[in-house]
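Me: I have a structure open and want to learn to read it feature by feature. Can you take me through it?

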Amino acid sequence: MIDPKTIAHIAKLARLEVSAEEASRYSGDLSKALGYFEQISKVDTQGVEPLVTPSEMQPFWREDEAKREFTAEEMTANAPEKMGNLFKVPPVV
Amino acid sequence: MDLTHASMVEIAQAVRSKKVSAKEVANHYKHRIEKLDKQLNSFITVNDQAETEAAKIDEKIARGEDPGPLAGVPFGVKDMFCTRGLKTTAASRILGGFVPPYDATVVARLKQAGIVVMGKLNLDEFAMGSSNETSAFGAVKNPWNLDCVPGGSSGGSAAAQAARLVAGTVGTDTGGSIRQPASFCGIVGVKPTYGRVSRYGIVAYASSLDQAGPMVSTVQDAALTLELISGRDERDSTTAEKKVPAFSKDLSTNVKGMKIGVLKEYMAGGLHPDVEKTVQKAMENLKSMGAELVEVSAPLTEHAVPIYYLIATSEASSNLARYDGVRFGHRADFGNLSAVELDQFYSRSRGEGFGDEVKRRIMLGTYCLSSGYYDAYYSKACQVRRLIRDQFDDVFKKCDVVLSPVSTHPAFKTGERISDPLAMYLNDIYTVSTNLAGLPGMSVPFGLSKERLPIGVQLTAGHYEEQKMLNVAAALEAVSPVKGEKPHVI
């Protein structure tokens, strides 16, 4: 059972503001979904290596070379708030 | 020339041989979008530069340069792909008016081949949905019946293609998002092998499952589009080094001697009678064309929906952490920024920007990855994922291509399932295993329900065996009982 306290904890981890109405709904939805998902505990997976990506090939590497593809103006063009070419954020220290 | 119903290949040939100009083609489709999309809501953004861009292709031809194999083909692009200078939203408020400074590799390669981007197509928010009802820009309607959903998440692509508001589209498929809407709208949709097509510039949902592919009107068009977008990309380290076959040139309707697997678990109970009949009919047709039917089994597919949602939401909760209101997208309005705490800044911006289903999945994924639950949910799901992939490896030792339904039912009514998230998740029962195992799969139209709603059949092949799957699709298309059937919106 995913109680409202757990929902508040997850919302904090996810940096996601949820309203009281949403929290109560998600509590029900998540409990129902996870209750259904419980079935996987029946599968014997002893000694099975988790598969995190379907292509287990060697990823290829390229030289770490700097390329000038974009200007600072282009890279900051979508900023919600900026000063010159800097992103404006709340104080963090 | 019937521009509205011409295939991509036919349009490109006509443009290349100057029978029609790319600009005329773009103009024709622009008018169709203006006239018909009010009913469908398949576009989020219409590209007002389309005719200008088309004119450049005509200039290229006039100068004697090669305009590419898709010269002047009007394309719709699912709004999950970044398009340089053209708004990209993922159907979410959180991306706001995001205008990418670059093209996704898929888009860049198609532009190189000569397409004209007509606009960006609607979808479920962040591709999270199976009905195109979770979009922040409103639900999309099915052109075969406006009371029904077009499927999802690539619902805008499927609807626009079926109604021929474009001549070709590309979509993305994380758990069935190309194949299921293709089936619901009566078009051809291909999800390639994981690693075949670059994910660079595609808004990430679940990175180990996402693949892009064509959603078009014919198998030939699908083969050609796939060929053009496939292949290694230095910007996506999961793309395979493998040589890309000439899918369109090698396309053949000869299925003599091919082994067609019928997956026992996908034919057992719960199927709508018209869906069952459609798959049966495809089996009979393939048999009469000389293919051999063999029964195969992958019993762990029973657990595929839970495994898929545990993995997809876990990956999504991580991928969507980037939407923080700092560098792009929606930022909550705080007035005085210097008085705001950082956590509150993130939480409120995200809480306002994400829609209901996206929040639900972020919550579910965060829970699965949180301390104390990681082993029981995420890690366990990945273990079963390996076993599912192994079962499919065995299946493809016994057959070349698996034939199955795409979905238990034809398109359902708008509003019918949206209030029950779990019921909506169970829609994906026959499509998610393909993504978990990284296999190629596709939907090809092969039936109509009594209510005249399209029904596709699903073909799945082994890793990097798209050609076999496309050939079976071409064989079915040639004898399809629904060839030439069109939605009433046209």
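Me: Start with pairing. In which sense do strand 2 and strand 3 of chain B pair, and over how many bridges?

Reply: Two strands pair if DSSP finds at least two bridges between them. Here strand 2 of chain B and strand 3 (residues 116-121) of chain B pair in the parallel sense, over 5 bridges. The chain gets from strand 2 to strand 3 of chain B through helix 4 (residues 105-112), and this β-α-β crossover is right-handed. Right-handed has a set test: with the strands pointing away from the viewer, the path from the first strand over the helix to the second runs clockwise. For one matched position, look at B:Lys78, which stands opposite B:Leu121 in strand 3 of chain B.

Me: What should I know about the model and its labels?

Reply: This is a predicted model: local features need pLDDT of at least 70, side-chain atom pairs count only at pLDDT 80 or more, and totals for chains, interfaces and linings use all residues. Residues are numbered from 1 along each chain as its sequence is written, while chains are lettered from A and ligands numbered from 1 in the order in which they are written.

Me: And how are helices and strands numbered?

Reply: From the N terminus, as DSSP runs: helices are H or I with at least four residues, strands are E with at least two.

Me: What does strand 2 of chain B pair with besides strand 3? Which residue stands opposite B:Val77?

Reply: Strand 2 of chain B also runs parallel to strand 4 (residues 168-173) of chain B, joined by 3 bridges. B:Val77 stands opposite B:Val170 in strand 4 of chain B.

Me: Are the faces of strand 2 of chain B covered or open?

Reply: In a regular strand the side chains alternate between the two faces of the sheet. Check each face for burial. A residue is buried if 20 or more other C-beta atoms lie within 10 Å of its own, exposed if 12 or fewer, and partly exposed in between, with C-beta atoms placed from the backbone. In strand 2 (residues 74-78) of chain B, 5 of 5 residues are buried. B:Pro74, B:Gly76 and B:Lys78 lie on one side, B:Phe75 and B:Val77 on the other, and both faces are covered.

Me: Now the whole sheet. What is the strand order, and which strands are the edges?

Reply: In chain B, 11 strands form an open sheet in the order 1-3-2-4-6-5-10-11-9-7-8, with mixed pairing. Strand 1 and strand 8 (292-296) of chain B are the edges, each pairing on one side only. The twist averages 30° from one strand to the next. Angles run from 0 to 180 degrees between N-to-C directions; axes are lines fitted to C-alpha atoms, for helices over the stretch in contact.

Me: Where is an antiparallel pair?

Reply: Strand 5 (residues 188-191) and strand 6 (residues 211-216) of chain B pair in the antiparallel sense over 2 bridges. B:Val188 has B:Val216 as its bridge partner in strand 6 of chain B.

Me: Which strands does helix 12 of chain B lie across?

Reply: Helix 12 of chain B lies across strand 7 (259-263), strand 8 and strand 9 (401-405) of chain B, at about 155° to strand 8. Contact means C-beta atoms, placed from the backbone, within 7 Å.

Me: How many residues of chain B are in contact with chain A?

Reply: 57 residues of chain B are in contact with 46 residues of chain A. On the chain B side, helix 12 (375-398) is among the helices that supply at least two residues each. Helix 12 gives the largest share, 10 residues.

Me: Is helix 11 of chain B buried or exposed?

Reply: 13 of the 14 residues of helix 11 of chain B are buried, so the helix is largely enclosed by the rest of the structure. To judge length, the expected span is 1.5 Å times one less than the number of residues. Helix 11 (residues 356-369) of chain B reaches 20 Å from its first C-alpha to its last, close to the 20 Å expected.

Me: Which backbone oddities should I look at?

Reply: A cis peptide bond joins B:Gly152 and B:Ser153, with omega about 10°. B:Ser153 lies in the loop between strand 3 and helix 5 (155-162) of chain B. Then check for positive phi outside glycine. B:Ala90 has phi near 55°. B:Ala90 counts as buried because it has 32 C-beta neighbours inside 10 Å.

Terms used. Contact = placed C-beta atoms within 7 Å.
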